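I opened the model with a short list of things to look up, and I kept my notes in the order in which I went through them.

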Amino acid sequence: MLVHLPHVLTADELARAQAALQAADWTDGRATAGPQAASVKRNQQLPAGHPATAALQALVLGALDRHALFFSAALPKRVLPPAFNRYAGAANHYGNHVDQAVRHIASGPQAGQRVRSDLSCTLFLSDPASYDGGELVIDGDFQPPRIKLAAGDAILYPATSVHRVEPVTRGARLASFFWIESLVRCTAQRRLLFDMDTALQRLRQRDGESAEAVALTGTYHNLLRLWADT
Ligand code: NI
């Protein structure tokens, strides 16, 4: 399941993130990749210890916290500290790879913890008209989607997928990327809850708090109680 999250960042937050990243010093993205991924990874990343990193991470996490669609689709238990990358020049692509199943948090207040990556998320930070290429391509379907979103929008996708970032042939593609451990590990169960929550919200918009909406909300929460691992 792919979920497009529109307007994760406000215009002001986006401008602040872009300004900080445009002034940043970048390092080789292979530093944080496993051996398979490192062999196909050609991009740049913001080092975890960079002076801008902590404020940018707080900005992204704060934005996710208020995004109802993110919560409904991901049912987040823990979110890895967001990282930031840049595709441009010779460091302009990331070939087919699968993200590591378990990520180790190296620094910050959660240092030492291990987080299972159920979902991957890419938050686009560059205006798509400012660069060519750079589509996120997620394998698995007959015609794999080629994703290039407005700056400030994000895509949520299964961390189990083989995916790549196509070469950027003009300009620079800035993004934030991070993984989510979900309260609901099973993709099929998470999908059922998301579909039910989406339908319930529409029912409520149409009819208000009807007795049926209240009853189905109870069923939603009872399923979540059954399946959630807190
Ligand atoms: Ni990846």
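I began with His 7, which counts as exposed because its relative accessibility is 67% (buried is under 20% relative accessible area, exposed over 50%, partly exposed in between, with a 1.4 Å probe and protein chains only). This is a predicted model, in which local features need pLDDT of at least 70 and side-chain atom pairs count only at pLDDT 80 or more, while totals for chains, interfaces and linings use all residues. Residues are numbered from 1 along each chain as its sequence is written, and side-chain values use heavy atoms, with hydrogens and water left out.

I found His 7 in the loop between E1 and H1 (helices, H or I with at least four residues, and strands, E with at least two, are DSSP runs numbered from the N terminus). Its phi is positive, about 50°, although His 7 is not a glycine. Most residues other than glycine have a negative phi. I noted a positive phi for Leu 75 too, about 40°, in the loop between H4 and strand E5 (76–79). Leu 75 counts as buried because its relative accessibility is 0%.

I then looked up the nickel ion, and asked which residues coordinate it. The donors are His 97 (NE2), Asp 99 (OD) and His 163 (NE2), at 2.1 to 2.2 Å; donors here are N, O and S atoms within 2.8 Å of the metal (3.2 Å for Na, K and Ca), and as water is not among the atoms, sites may look incomplete. Along the sequence the donor residues follow the spacing H-x1-D-x63-H. The two histidines link distant parts of the chain, since His 97 sits in strand E7 and His 163 in strand E15, 66 residues apart. I recorded both His 97 and His 163 as buried.

Strands E7 (residues 93–97) and E15 (residues 163–165) pair in the antiparallel sense over 2 bridges (two strands pair if DSSP finds at least two bridges between them). Tyr 94 has Val 165 in E15 as its bridge partner. I placed this pair in an open sheet of 5 strands, ordered E3-E7-E15-E12-E13 with antiparallel pairing. Its edges are strand E3 (41–42) and strand E13 (146–147), each of which pairs on one side only.

Next I turned to the largest nonpolar core, where Leu 156 and Ile 180 touch the most other members out of 31 residues; a nonpolar core is a set of buried Ala, Val, Leu, Ile, Met, Phe, Trp, Tyr and Cys residues joined through side-chain atoms within 4.5 Å. Elements that each supply at least two residues of this core include helix H1 (11–22), helix H3 (53–65) and strand E17 (173–182). H3 gives the most to this core, with 5 residues. Leaving aside neighbours within four places in sequence, the contacts of Ile 180 include Phe 70, Cys 121 and Leu 156 (contact means heavy atoms within 4.5 Å).

A second, separate core has 15 residues, among them Tyr 87, Phe 124, Ile 147 and Leu 149. Leu 149 lies in the loop between E13 and E14 and counts as buried because its relative accessibility is 11%. Leu 149 touches, among residues more than four places away in sequence, His 4, Phe 124 and Ser 126, to give part of the list. From Leu 149 to Ser 126 I noted 8.9 Å, C-alpha to C-alpha, with their positions 23 residues apart in sequence counted as the separation.
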